[in-house]
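Reader: I should like to take a close look at one part of this model, namely the place where a strand of one chain meets a strand of the other. Please explain it, and then set it within the rest of the structure.

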Amino acid sequence: MLVSSALLAHTSDLDLIIRHVLAGLGHGIHAGRERGAGVEFSEYRAYAPGDEWRRVDWKLMARADRYYVREAERDSHVAVWLWLDATASMAEASRSVDGLNKLWYARTMLACIAAIAQRQGDAFGLVVCSGDRVQFTPASRGPRQMHRIMAQLSKAEPMGALPGADTLRASLHFARSPSLIFAASDFLDWPSPQSDALLRLRRMQHDVRALCLQTRAEVDASFPLDTVWRDPEQGEGVFRFGADTLGTYRQGRDEHFARVLAQCRQNNIPAMAACIEDAPAGVLRSWLRLAGRA
Amino acid sequence: MISLWWLGLALLAFPVWWHRQRRERVSAKPLATARFLPRTDPQQQRVWRWVDRALLLVRCLLLAAVVAWLADLVIPWRGSTVLVVPGTDNAWARQQGGEQLMLPTADAFGWLALHEREFQDGARLTIIGDVAMPAVKPRFSHVVEVRSRIAPRPQPGQRIVVVSKRAAQWQALFAATGYRHDAEQSGKAALVVWDVPEAPPAGLQAPLWWVGDATAFPELAAGRHANSARGRLWTMKPAATVEEARTQFETWQQLHYPPVPYTTAPITLAAASGVSPRDASGALRYLLTIALIALFALERTLTHARRR
């Protein structure tokens, strides 16, 4: 059973949320755990003809009188980068579920991916774009890194606008080795320094996957009528949503996201739009499957 | 009659109006996808809600206090009361019981006419003591019972100075009536008996002089009585008999008291209808003035604090 966003939104304990979302998910990001020669011990396996003699555990053989081979986890060479957009627009809350907003959802998704990466032995790092700044957590492995990433994710507050193009371009050196980049954002600014950075990363042969977060109200255009709105990132100016502007809104929004998705497709970036009211486990599975490698 | 000043309470509408209307920009709510909507001009709207409630309350109270001060507000706060005329025997007054109020003036009916509005409807009023009878029967909207009792006459001045060659005869007269007398020729006295040819010293003062030897009083040349700068002069001789002495004494006593008003007989005045209260009694003016000052200071303080 997929746990709904509404249920999960009641807790701020990311660890707990991850366990719920990942329960029964069972799939990894890329081809599963490879056993073989390595440093970190994984398990014992009965000796099979053809195994290297140096991998046989002789002490165990003396105790059990059988041949066992030490299996070690093979370190993955893939680094997973989590890209979190924590600008002011990500504070957009669900109009049907209390306590649920885009940032919460993005955070949950990325935390789940971090947990999967940790299970697989991959290195993982975090990029947070918030308040005109980029904040890096360098990629690393292990449970301590997991705690670090979780702390950074929990700390992220929706504020400010996206960092400038120069700031982002200067920061792209983080991904040297081939890496997987999971970007969660609302992609309302496109083209933007963020989109440029993601396209550039893609051109650098990184595997970029985008999750475009929306609310159900945004998709259905079901906001309260005759209310004055302001853009959280663009300062001055107010906007009116009424029955007469419904068509304008739908048209503008559809065109925008059609352009975003088309550009992603052109650049071979698997992109997916999801409503934050949807069950996180289902969305996560779809997102991971999107590249056809789940 | 209700004072027309009370119409000034309509002024309270002004602070209420000022405090309720407030122009305000329509508050805009954040919406991430607002960029897909057409822009609009910021709208002003008149917000109809209470602002600065404490200040509004103080200002309304201030205005109400001003109006009440002008209209001379009287709140009937006194219940059934026993009004005690000054000079009444305390022990007797205590026997009458009830909530007692000592009147500031001997004119009980006059005081009551001024202050009748302070008494609640149905309050039973009792006036006790030596109540002076007015020329016209008074009318009140309350039942007023008068329990009168003639007060003892005030004693005249106690001191009598006797300067006489026949001092023994004068002293016999005053000894019979119990008056204190001496021969010291200074200070104030009620009566001076002067029976020597020398002129009296300037330091001796009295409203009445009994003169036995008129040598020093040329005013008495015209007759037996005269008024002088020293006081009233009588030509007197010491009484020869006890009867004559009593007659002399009583004559003096009767002539030298202030006029005593006639005491009203005990009576219960029924409540009359249509009695219009007399002009402002000003009973609460002092309290209202203090309240006004306090409210004004409070209003200034709050206004100043709000601007900060």
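Which residue in β2(B) stands opposite W229(A)?

Author: The residue opposite W229(A) is K29(B), in β2(B). This is a predicted model, in which local features need pLDDT of at least 70 and side-chain atom pairs count only at pLDDT 80 or more, while totals for chains, interfaces and linings use all residues. Residues are numbered from 1 along each chain as its sequence is written, and chains are lettered from A and ligands numbered from 1 in the order in which they are written.

The two strands involved are β8 of chain A (residues 227–230) and β2(B), which pair in the parallel sense over two bridges. Strands here are DSSP runs of E with at least two residues, helices are runs of H or I with at least four, and both are numbered from the N terminus. Two strands pair if DSSP finds at least two bridges between them.

This pairing belongs to the contact between the chains. Chain A brings 23 residues to that contact and chain B brings 16, where contact means that C-beta atoms, placed from the backbone, lie within 7 Å. On the side of chain B that touches chain A, β2 (29–30) and β3 (39–40) each supply at least two residues. That side has ten nonpolar, three polar and three charged residues. (Ala, Val, Leu, Ile, Met, Phe, Trp, Tyr, Cys and Pro count as nonpolar, Asp, Glu, Lys and Arg as charged, and the others, Gly among them, as polar.) For the complex, the predictor gives an ipTM of 0.74 and a pTM of 0.52. Chain B averages a pLDDT of 82, with 93% of its residues at 70 or above; pLDDT is the predictor's confidence in each residue, from 0 to 100.

Consider next chain A. Its secondary structure comprises ten helices and ten strands, and 39% of its 294 residues are buried. A residue is buried if 20 or more other C-beta atoms lie within 10 Å of its own, exposed if 12 or fewer do, and partly exposed in between.

Six strands of chain A form an open sheet in the order β5-β4-β3-β6-β7-β10, with mixed pairing. At its edges stand β5 (133–140) and β10 (271–275), each with a single partner strand, so one side of each has no neighbour in the sheet. On average, neighbouring strands are turned by 15 degrees against each other, direction ignored; axes are lines fitted to C-alpha atoms, for helices over the stretch in contact, and angles run from 0 to 180 degrees between N-to-C directions. Inside this sheet, β6 (residues 179–185) and β7 (residues 207–214) of chain A are parallel and share six bridges, and A184(A) has L211(A) of β7(A) as its bridge partner. Helix α7 (residues 193–203) of chain A lies across β3, β4, β6 and β7, at about 150 degrees to β7(A).

A184(A) also appears in the largest nonpolar core, which holds 79 residues; A184(A), L82(A), L84(A), L110(A), I113(A), A114(A) and F182(A) are the members that touch the most others. The helix that gives the most to this core is α4 of chain A (residues 102–120), with 13 residues. Such a core is a set of buried Ala, Val, Leu, Ile, Met, Phe, Trp, Tyr and Cys residues joined through C-beta atoms within 7 Å. Beyond its neighbours within four places in sequence, L84(A) is in contact with residues including L110(A), V127(A), L153(A) and A184(A). Another core, of 17 residues, lies apart and includes I160(B), V162(B), L173(B) and L233(B).

Chain B, to which K29(B) belongs, has seven helices and 17 strands. Of its 308 residues, 17% count as buried. Strand β1 of chain B (residues 21–25) has zero buried residues among its five, so it lies largely in the open. Five bridges join β1(B) antiparallel to β4 of chain B (residues 44–48), and R25(B) is matched there with Q44(B).

Chain B also has an open sheet of six strands, ordered β10-β9-β12-β14-β16-β15, with mixed pairing. Its edge strands, β10 (180–182) and β15 (225–227), each pair on one side only. From one strand to the next, the twist averages 20 degrees. Within this sheet, β9 (residues 159–164) and β12 (residues 191–195) of chain B run parallel and are joined by five bridges, with V161(B) opposite V192(B).

Technical notes:
Contact = placed C-beta atoms within 7 Å.
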